[in-house]
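User: Please take me through the model shown here, one question at a time. I should like each answer to give its reasoning before the result.

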Amino acid sequence: MSESEGTSSSRRKALKALIALGAAAWAAAVLVPGVSYLLHPLKRRAGDTGRWKRVAKLREVPGASGMPVAVPVIGEQVDAWTRAPAQRLGTIWLRKKSDTEVIALQAECPHLGCSIQLDAEHRRFACPCHESFFDLEGRCTAGPSPRGMDPLATRVRDGQVEVDFKRFRTQTRNRTSLG
Ligand code: FES
């Protein structure tokens, strides 16, 4: 092979390598965002759950000896492909544990998901669907509910109560968050 043929062959190899590199970079630039776009909605959780939501002013939450109040949880409703702002995501029961701490309980019954009501006369919660009863701490005292009411983490920011809103699997003794 002559010197010029060798140089030409090296150039061809370098050019091929450059083209292959360019093709790989182009594929990555096109495919990665595309795949990410397609998968992104599937990674979202229904109901915009697991995020802190402002639900009430601390001063408006009943004290430890008072009766709980029901408050709506408002937030962005997200399903696989759509987002709807300011939707009602659920209801929770609130009561103070101390001057600065708040107890929050999911209003969804762990039995089959009916809405748990307050039975103020008997200082307890009651689920009217199949007659499960809970004390004001959320412990199940009677009925088919497999566990007590589901507690939610709370925090107070700038005088506002925030709740880490979640929903839970029904009909299970163990508490399993749906996210
Ligand atoms: S859904 Fe509450 S007792 Fe059945």
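**Strand S10 and its sheet**

User: Is Arg155 buried, partly exposed or exposed?

Analyst: The model is a predicted one. The relative accessible area of Arg155 is 26%. Buried would require a value under 20%, and exposed a value over 50%. Arg155 therefore falls in between and counts as partly exposed.

User: In which strand is the place of Arg155, and how far is Arg155 from Thr100 in space?

Analyst: The place of Arg155 is in strand S10, which covers residues 154–157. Arg155 and Thr100 are 55 residues apart in sequence. In space, their C-alpha to C-alpha separation is 8.7 Å.

User: Which strands stand at the edges of the sheet that contains S10?

Analyst: The sheet is open and has three strands in the order S1-S11-S10, with antiparallel pairing. Each edge strand has a single partner strand, so one side of each is left without a neighbour in the sheet. The twist averages 35° from one strand to the next. The strands at the edges are S1 (52–57) and S10.

User: Which residue in S11 stands opposite Arg54?

Analyst: S1 and strand S11 (residues 160–164) run antiparallel and are joined by five bridges. Across this pairing, the residue that stands opposite Arg54 is Glu162.

**The four-stranded sheet**

User: Why is one side of S5 and of S8 left without a neighbour in the sheet?

Analyst: The four strands form an open sheet in the order S5-S6-S7-S8, with antiparallel pairing. Strands S5 (117–119) and S8 (140–142) stand at the edges of this sheet. One side of each has no neighbour because each has a single partner strand.

User: What is the average twist from one strand to the next in the sheet S5-S6-S7-S8?

Analyst: The pairing in this open sheet is antiparallel. From one strand to the next, the twist averages 40°.

User: Which residue in S8 is the bridge partner of Phe133?

Analyst: Strand S7 (residues 132–134) runs antiparallel to S8, and two bridges join them. The bridge partner of Phe133 in S8 is Ala142.

**The S2–S3 hairpin**

User: How many residues are in the hairpin that joins S2 to S3?

Analyst: Strand S2 (residues 69–78) pairs with strand S3 (residues 83–96) in the antiparallel sense over nine bridges. Within this pairing, Val71 stands opposite Ile92 in S3. The hairpin joins the two strands through a number of residues equal to four.

User: What is the phi of Ala86?

Analyst: Ala86 lies in strand S3. At 59% relative accessibility, Ala86 counts as exposed, because that value is over 50%. Its phi is positive although the residue is other than glycine, with a value near 55°.

User: What is the phi of Gln171?

Analyst: Gln171 lies in the segment after S11. It is exposed, with a relative accessible area of 54%. Gln171 is a residue other than glycine with a positive phi, near 65°.

**The cavity and Arg147**

User: How much space lies in the largest cavity?

Analyst: A search of the whole structure finds one cavity of 30 Å³ or more. Its lining includes Gln106, Glu108, Cys109 and Pro110, and also Phe168, Arg169 and Thr170. The space in the largest cavity is about 30 Å³.

User: How many residues of the lining of the largest cavity are charged?

Analyst: Arg147 and Asp150 are among the lining residues, and both Asp and Arg count as charged. The lining also holds three nonpolar and two polar residues. The charged residues of the lining number four.

User: Is Arg147 buried or exposed?

Analyst: Arg147 is found in the loop between S8 and strand S9 (151–152). Its relative accessible area is 6%. Since that value is under 20%, Arg147 is buried.

User: With which side chain does the side chain of Arg147 make a polar contact?

Analyst: Arg147 is one of the residues that line the largest cavity. Its side chain makes a polar contact at 2.8 Å, and the partner is the side chain of Asp150.

**The whole protein**

User: What percentage of the residues in the protein is buried?

Analyst: The protein has one helix and 11 strands. From the N terminus on, the helix is followed by the strands, in the run α-β-β-β-β-β-β-β-β-β-β-β. Of the 179 residues, the buried ones make up 31%.

Terms used. Residues are numbered from 1 along each chain as its sequence is written. This is a predicted model: local features need pLDDT of at least 70, side-chain atom pairs count only at pLDDT 80 or more; totals for chains, interfaces and linings use all residues. Side-chain values use heavy atoms; hydrogens and water are left out. Two strands pair if DSSP finds at least two bridges between them. Axes are lines fitted to C-alpha atoms, for helices over the stretch in contact, and angles run from 0 to 180 degrees between N-to-C directions. On a 1 Å grid over the protein atoms alone, a cavity is a set of points where a 1.4 Å probe fits but cannot get out, and a pocket is an open set with protein on both sides within 12 Å along at least five of seven lines; lining residues have an atom within 4 Å of a point. Grid points are joined across faces, edges and corners, and a volume is the space filled by probe spheres set on the points. Buried means under 20% relative accessible area, exposed over 50%, partly exposed in between (1.4 Å probe, protein chains only). A polar contact is a pair of N or O atoms within 3.5 Å; within protein, one must be able to donate a hydrogen and the other to accept it, and residues adjacent in sequence count only if both atoms are side-chain atoms.
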